[in-house]
Structure formats: structure tokens, C-alpha cells
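Me: Before I use any of these labels, I would like to see the reasoning behind them. Please go through them one at a time.

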Amino acid sequence: MRRAILILGAALAVIGPMLPAASAADKIHVVATIPDLKALTEEVGGNLVEVESLARGTQNAHEIEIRPSLMLKLRRADILVENGLELDSWAEVAVQGANNPKIVRGAPGRVDVSRGIQVLDVPATRVDRSMGDVHPLGNPHYSLDPGMAPIITQNIVDGLVRFAPEHRATFEKNRQAFLARLDEAMARWTRALEPFKGAKVVVYHPQWIYILSRFGLSQAATLEDRPGIPASPAHLTKVIRQMKEERIKMIIVEPWNDLKLATRVAEEAGAKAVVLASMVGGVKGADSYIAAIDHNVNTLAQALR
Amino acid sequence: MRVSALVFVLLCAALAPASATAQDAAALRREIEQLQKQLQSVTERLQRLEAQPPAPAQVPPAAAPAPATAPGLSAIDLARPRQPFGLYQQRGAGQLLFDIGIAGDFVGNLTQKNVEKAQGGTFAGQENRFFPREVELSLFGQIDPYASAVVRIEAGEEARGAETGVHLAEAYITLLTLPFGTQARFGQVRNRFGYSNEVHEHDLPWVDRPNVMRNFFGGEGLQEKGIEMTLVPDLPFYIEALAGVFNGDNETAFGRTSLQAPLVTGRLRTFLELGNEHAVQLGVSVASGQTPERLPSTILGWEGRYKYRPEGWLHPLVTLTTEGLYSWRQFNVDVDADGDGVADFLDKKQKNRWGWYLGGEIQPWRRWAGGLRFDWSQYPENPGAERSFEPYISFWPSEFLRFRAAYKRTDRTHRDGFDLNGGSARTVDEFLFQASFILGAHPAHPF
């Protein structure tokens, strides 16, 4: 008898940690491809959802290594929230390895939040790789433009409601509460960048066009020769000359890009290289959607002063 | 009665305005509610419209020409001959319902004359040549909500000076919506046996396939026609179980070519992460079938792959890869029972042979990597073994173009099988080089 109890106890000790907690099991399991979408899904879903992100904030969202651990996250997902516009097309390989019919392309659990976004940088002429790693569907880096949050969150609500229609009112309420907080913050951000309207900046990788356009700033040049193509010395010389001529004060660098190179170029041109959060969690303190934009706006305002 | 009638009339006169007032109030409330709803809807729409960013004040970089706005097309425009993909452009992005990609892989090698004579180099029969090893056209996408398909057509020079041959490399359907964490793939596939077998030539981390894989599965690796099922159970750790049934067309290891005695495969793969920076994949595979002589042949494989990617890096700093194969195979052997030098009968003899490799790569910069692979392998049938050292260096001018150069030294214990035309390839020194490119769509690489 004692032996049987011992065996049962040992079996429970082994199997116990494998079983999901009851409260977690009740929640809707959502996987977002990038941390921005995780943050927004958490705002909308509140306590009803459990959200994981495939990419981390410090990574380059274009190039995520397809680890089986991503497939494990997707194996349990009820919903996959994706950025679309080919930013996270790598997720398709992970989805195909996860054996989860709920989130395959075309399934109700697949939520593409780019629906309804007015996409910028959409090529209207023929594009090819001589232009670098261009996105034929347009610039996919819209998620950290706070003005896009109403559309993104509406798409997330639609996706969540497809899975749990009984919680529609809660999702709507959460969304409205979040958008109200975002509105307040938006007024603050607009005031902070108002004095710098029309200012030109240089970016390392062309992924800031949405937020720059939102606050009236303009992208004068990129440090990359072309998207995804490392800069040649001749290109850098040209950028430095342009920065001097146009008195450009800053270079925006992504957390995953070469800050040393950007700093060297900035010093040559008498400017500053600043790191902005390219996604939530990209820099210290940018651990929520509003905190990430707060960081970006404050950093921009300080550098342009 | 008259009094009652009077009271009734008076009551009606008193209540009628009150009732009308109540009806008005209810109607008014409904109207207000309706207006509130309309207002809310308009506010929502306004918020959405406000969310659209203003026209970008972007100054396009001179090096990257900004795409111009498409002009309206006239009848003359439409009548003009179109460039490749012109139709695609005019239909608009996303209208082509599947992806197209081309991968090109060109290799060359320089080695000793006697190795060329014996055709004992890494690219047997193609020694001291530069040639297209594989130019691959890939078409892939969703068939419908339940299945996806991949078709790969390859062209390559298979023998010295021969015309380039074109063949179907892969064509399979994957059923994506099966229950209980299962998935089925059927068609012609590169088998998911170990790490390197399913990797295409242009995606390999080395110029050539490891010796053990070529010795036991042939130069093309294990490619079969049949069905594979995978199971990914819902567990806190990753494990993938695979089982497959195939014709057994691989001539080097099996060759029975019939479902009467099919090739059966299996694989178990797991993955461990030690923080964000360290990751290990481990697996075991098995393939069991028959040879053309209807004799059993079984190959067991094991694999391990480790990557160290410092936080924030776009590429791994260190990658270690190892695989091994162990083969049990029966052969018919002539037996000279009476010692007269003439075979009296055939007997079956089992040969247990094995081999392995270990490769390490360091990539300190995004565009440069260097590594070393050590191979040791017996041969499935012939006696002896070979070992190789292969240091190499890779350079990526961009994500879509790669050049690689390697030196490979191979030492063999026997000449058997490497002595064609009176040559000898016991010791082989080779300089290998490779140029690979990707054109168009290419799926992300698994771990």
C-alpha cells in the first residue's frame, strides 16, 4: 500500500508540472508574432487572455530564427495575432511545424492586424532586390505609431470575438479604456514634438516612417545603403555630407543595429545617434505600448532640442 | 348612471394628456438613444480616419529610387508587350496565389590529377570543374484552408560535360488541419532524417554534404515518394514524432522500390533552450527497408545542433552540428566451399558500418563566418574508412547572395572503390568554392 502511494506521489510529482494551471487553462491562449501586438492584445483582452510573443523586443523582426520553442508556443495557441505585410512571414514556417489547425492560414484563429491600415511606402512600380530588401506590400512597421492603435486593437477585438463572442462587451470596454489612455498620452506626445515639426532625421533602417509622419518629422536619409544592405564607405560619406549641409541633428538606430557605426557617423556630422525602441521591450523601460512610445517621443524631443 | 358616465368622461379627459406625455417621453428617449448610437458610430469612424497618418514627409534616399505612382493604363499601354511579372504588377500585389522563388548553387573544385582519373573527389566525376550543382525553382503556397503544397524543380549538371538535366526534386502536399496535433505530408520529399538530409544544397552550412551522408545515402541524400505523419503533442517541452512509409527508391541504401516491402522511417526530435542565448536540438532517426536483392537494410541516425546567439545579435556566434549513422545491412556473398576458386553458392552476410561528423562554425560578423568540419566514415559495402578535415570561410554580400571557399583533405585506408581508370584517390586534397543566390521568395530556415 505504502509502495503504491509512493509510486502515485512520484508520478504526480513528474506529471504535475506538465499540467497547465486551472486558471491559465480557462484563458484564451494568444500568440503574437511581435511584442507590440502582445502588448496591445493584453490591453484588449485583459484577464481573459494569456499572451506570448514569438519575437523579443531587442530582435530584428525581419529575421527571427525559427526555433522549435516557437512551435511549442504555437502548438497551444487559440489565436495567432500577426503584423502582416511580410514583416513576420517567418511565422508561417513555425506555424507549419506546430501542427495546430486553429491557427493555420485561413483559420478563424489567424488575425492579421494590418487589415484597414493605410500602408506607407507601397511601391507602385516594379520592385526588385537591386533596391535591397524592399517590402512589395509596403512598409510594415506601423505598429508603434500610436495613431494606428485604434485600427490594430479593433482587429484584435474582432479576432478575440470570433473565438469568444460571449466576451465581446469586455473586450470593447477594455479597448475603449485603453484608447482613452492613449488619447491622453497622444496629446502629450503631440505637444512634446510640436516645436520640431518639419525637422529632418536620418534613420539606420527605414522603419520609422509612420511615427515620423505622425509627428511631422521627415526622413532625410538612411544609413543602410538600401534596406537590409550594409552601408558602403561612399554611401556613409554622402550621408555625412548631407547631414552637415542640412544640419540634421540625429540618427535613429534600432536596438539590434550597429550603434557604433551610427555613433561614428553622427560624430562626424556633428549629430547624435539615439536608440529608439523598435518594438515594445526594445530598450529598458519600454515594457508597455505607451511606455515604448513615451521613450521614443522623449528621446526624439531631447535629441532635436 | 349619469354620474358614472360623467366621472368616466372626466377621468379620460384628465388621463389622456398624461398618456400622450408618457408616449412622447418614451419616443424621445428612443430617439436620443438612436442619436447616441449614431454619434458613437460617427466617433468611431472619425477615430479610424484620424488614425490614418498624414502623407509622409519623406525625402527618399538617392540610392533607393522611390517608387512612383502608377499612372492610369491606356489601351495602348495594355497592348504593349509586358515584361516578366508585368501581369502580376498590374493585377496588384498579393494577387498571385502562391510564392515563387529561385535558388542557384554553383560549385567548383581543384584537386590532384590522379584523383580526377579515379573519380574519387567530393564531386565524383566532376573533379577540376566549375558547374551548376543545383538551380532550383520553388513554387509554394496554400492550396485551400486545409492544405499547402510545395513543388521544386531542379536543374543541374550531373556528369562531366553532360547537358544540364532537369528533374522534379520535390512535390508534396501537407494536410494542415488534422486533429490531435498531427500533420500529414505526402508526395515526393527530402526525408526528414537527421539534420542535414532535408537541407537543400544551397542552404547547407558547408560546400558539400557530409561524407557519412553521401556514403550511406548517395550524393543526393535520402529522397523518397510516400507519406510522412508528424505528431507534436501538447506538452510543456517540444517533441516531434515522425513516421513515414515510402517506396524505398534510394539505390545506395535500399532500392527495393515497392510498397510490398516499403521503406519505413521514423524520427524523434526535441529542443532545449538555456535562456535566450543557448539552444540545443537533439534527435534520433531510423530508416528500414530492403535492398533490390530483398535483403534487409536498416540505418539508425542521431543528430545534435547547438547555437549560441548573444542577446541582440542578428546571427549566431557559435554553431555546432553533429550527426552519425549506423547501418545494418545484409549482402549476398559468393562462397567457395571446396576451395577450387569457383563460387559454389550464395550466402548472406551482415555488414555493420557507421560514420559521423562534427562541425563548428564561428560568425563574429554578420557577413563573415568561418568553420571546420571533421568527418569519419566507413563504407556501407566496401572495406575501410575515410576521414576528412574541411576548414571553410563564408561571405554574404547581402542576405540573398553568398560565397564560400573551403579546403578539404581526405585520407582513405583503402583504394577499393576509388581506383577507376587506374587512378588512385587514397589521399585527396581539394579546394572547393561555391556561389549561391536566392531570387524571389524563400521560406525562413528552421533551426
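**Reasons behind the labels**

Reply: In this predicted model, the buried residues of H3(A) are A:Pro35, A:Asp36, A:Leu37, A:Lys38, A:Ala39, A:Leu40, A:Thr41, A:Glu42, A:Glu43, A:Val44 and A:Gly45.

Me: What makes A:Lys38 a buried residue?

Reply: A residue is buried if 20 or more other C-beta atoms lie within 10 Å of its own. A:Lys38 is listed among the buried residues of H3(A), so A:Lys38 meets that cut-off.

Me: Why is helix H3 of chain A called largely enclosed?

Reply: Eleven of its eleven residues, 35–45, are buried, so the rest of the structure largely encloses the helix. The cover includes strands E1 (28–32), E2 (49–53) and E3 (79–82), together with helices H6 (149–163), H7 (168–193) and H11 (289–304), of chain A. After H3(A) comes A:Gly46, with a positive phi near 55°.

Me: Which residues have the most contacts inside the largest nonpolar core?

Reply: They are A:Leu74, A:Val201, A:Val202, A:Ile251 and A:Ile252, in a core of 98 residues. H11(A) gives the most to this core, seven residues.

Me: How do you know where this core lies relative to domain 1 and domain 2 of chain A?

Reply: Domain 1 (19–185) and domain 2 (190–304) both contribute residues, so the core lies between them.

Me: What is A:Val202 in contact with, leaving aside neighbours within four places in sequence?

Reply: Its partners are A:Ala220, A:Ala221, A:Leu223, A:Val239, A:Met243, A:Ile248 and A:Ile251. Contact requires C-beta atoms within 7 Å, so each of these pairs satisfies that limit.

Me: How much of chain B counts as buried?

Reply: The share is 29% of its 447 residues. Chain B has five helices and 16 strands.

Key:
Residues numbered from 1 in each chain as written. Chains lettered and ligands numbered in written order. Predicted model: local features only at pLDDT ≥ 70, side-chain atom pairs only at ≥ 80, totals over all residues. Buried ≥ 20, exposed ≤ 12 C-beta atoms within 10 Å, placed from the backbone. Helix = DSSP H or I, 4+ residues; strand = E, 2+ residues; numbered from the N terminus. Contact = placed C-beta atoms within 7 Å. Core = buried A, V, L, I, M, F, W, Y, C linked by C-beta atoms within 7 Å. Domains from an automatic or database assignment.
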